[in-house]
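Here's a quick tour of how the ligands sit in this one. Have the viewer open and follow along.

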Amino acid sequence: MRILVTGGAGFIGSNFVHYIYRERPDWHITVFDKLTYAGNRENIAGLDENRVAFIQGDICDEAAIDAAVADVDVVVHFAAESHNDNSLHSPRPFVDTNIVGTYQILEAVRKHGKRLHHISTDEVYGDLELDDPAKFTPDRPYNPSSPYSSTKAGSDLLVRAWARSFKVAVTISNCSNNYGPYQHVEKFIPRQITEILEGRKPKLYGSGENVRDWIHAEDHSSGILAILEKGTLGETYLVGSNGEKNNKEVVELILELLGKDPHDYDHVNDRPGHDLRYAIDASKLITELGWQPKYTDFREGLKATIDWYVANEAWWKPQKQATEEKYKELGR
Ligand code: NAD
Ligand code: TDX
């Protein structure tokens with residue numbers, strides 16, 4: 001089996017590369033990544049070059065993506081602009097990569113008759129009230145809020161259209177918020193951990209009541225593998241592990257695990273259009289494909305993630321200053 005992993009030098013893509021490298025030693029992996037500010041070759045360093053190849057390229061580049069797709073059996077498409085805050089002050093790269101880039105991949109898999117697994121987010125469904133008993137299910141209508149989530153929703157709809165109109169072999173997964181090693185320090189959990197490690201206070205947007213449904217990146221990877229091996233073509237699967245927590249609880253837990261006063265954080269300006277709550281119903285993946293998450297204890301998974309950032313300062317330091325300068329401009 002030869003797989004092309006777009007965005008494989010980013011956070012979730014690199015966790016997936018490590019997972020497949022370990023779990024499927026007879027598969028060959030080609031990572032295709034532009035190495036934007038969010039991509040880092042260090043994330044996939046030290047792997048056997050006979051088993052993992054790397055191509056630096058842009059998924060919007062028709063010729064480059066066409067040649068890479070021609071060479072493999074399956075494409076697993078992670079590459080995206082992924083940060084909501086960035087999409088609010090500079091939406092154009094989100095339209096280019098998330099929509100046009102996905103279009104180029106669809107055209108390449110259509111031309112070469114290859115299978116595509118498209119990685120998406122629960123944010124395409126919009127948000128839920130705090131007391132809404134219904135969680136997101138695959139047939140829920142799309143209702144995205146931000147330039148990020150709307151471009152991801154657009155990419156999902158292109159994938160569905162190529163499946164129906166051109167009979168392209170596709171599966172889609174929409175996952176909840178991931179945490180784990182190699183996550184860029186612009187994102188919530190690594191930002192708070194590294195703020196504390198640099199001697200500053202964590203920064204909570206607004207009241208901190210917003211709820212995210214946390215899943216460890218390795219559980220996301222095992223969900224994708226289950227879909228690749230056992231999923232039904234044309235189907236959408238939701239990936240989540242019942243990890244709902246509000247942001248205040250998460251910040252307080254990070255402070256506690258780092259031996260600090262759990263209430264020693266700042267409230268900063270809220271994100272415009274800030275989604276209130278996400279929650280995934282993953283029963284289709286569990287009952288139809290027999291998937292089970294491993295990291296069911298959030299405290300334990302978070303502790304391991306904190307330990308990773310403590311041990312890997314050389315990895316995150318180079319991103320940190322530029323990230324905080326961007327946040328300073330936004331007043332967050
Ligand atoms: P990330 O920002 O950490 O990584 C994105 C990767 O894509 C980087 O390596 C970057 O260099 C690469 N990339 C960006 N533009 C590219 C282009 N034009 N051509 C080639 N490569 C390009 O993102 P992530 O958090 O790892 O997210 C990966 C995927 O998972 C995305 O599709 C995202 O929408 C989805 N997702 C993320 C989460 C989450 O919690 N982070 C949850 C659900 C779904
Ligand atoms: O400093 C912060 N303080 C804060 O309170 C940051 C960076 C975030 N937040 C809040 C905003 C959100 O409610 O924390 C929550 C999580 O924020 P992000 O890490 O930016 O994630 P989110 O906007 O929920 O989107 C993430 O999950 C779904 C990923 O970035 C997306 O790529 C994925 O699709």
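What follows goes through the two ligand sites in turn. Keep in mind that this is a predicted model.

**Ligand 1.** There are 28 residues around ligand 1, and the nearest are Ile12, Asp33, Ser82, Tyr148 and Lys152. By class, that shell splits into twelve nonpolar, twelve polar and four charged residues. Helix H1 (11-23), strand S5 (115-121) and helix H5 (147-166) each chip in at least two residues, with S5 giving the largest share, three residues.

**Ligand 2.** Here 22 residues make up the surroundings, with Glu123, Tyr148, Arg212, Arg271 and His274 the closest. This shell holds six nonpolar, nine polar and seven charged residues. Helix H6 (188-197) and strand S8 (203-205) each bring at least two residues to it.

Now for some polar contacts, listed by ligand atom and protein partner.

| Ligand atom | Protein partner | Distance |
|---|---|---|
| Ligand 1, nitrogen | Lys34, polar backbone atom | 3.0 Å |
| Ligand 1, oxygen | Phe78, backbone N or O | 2.9 Å |
| Ligand 1, oxygen | Ser82, side-chain N or O | 2.7 Å |
| Ligand 2, oxygen | Asn84, side-chain N or O | 2.9 Å |
| Ligand 2, oxygen | Glu123, side-chain N or O | 2.7 Å |
| Ligand 2, oxygen | Asn247, polar side-chain atom | 2.9 Å |

How much of each ligand's surface does the protein bury? For ligand 2, which exposes 660 Å² when taken alone, the protein buries 94%. Ligand 1 on its own exposes 840 Å², and 97% of that is buried by the protein.

Key
Residues are numbered from 1 along each chain as its sequence is written. Chains are lettered from A and ligands numbered from 1 in the order in which they are written. This is a predicted model: local features need pLDDT of at least 70, side-chain atom pairs count only at pLDDT 80 or more; totals for chains, interfaces and linings use all residues. Side-chain values use heavy atoms; hydrogens and water are left out. A residue is near a molecule or strand if one of its heavy atoms lies within 4 Å of it. A polar contact is a pair of N or O atoms within 3.5 Å; within protein, one must be able to donate a hydrogen and the other to accept it, and residues adjacent in sequence count only if both atoms are side-chain atoms. Accessible areas come from the Shrake-Rupley method with a 1.4 Å probe; for residues, only the protein chains shown count as cover. Helices (H or I, at least four residues) and strands (E, at least two) are DSSP runs, numbered from the N terminus. Ala, Val, Leu, Ile, Met, Phe, Trp, Tyr, Cys and Pro count as nonpolar, Asp, Glu, Lys and Arg as charged, and the others, Gly among them, as polar.
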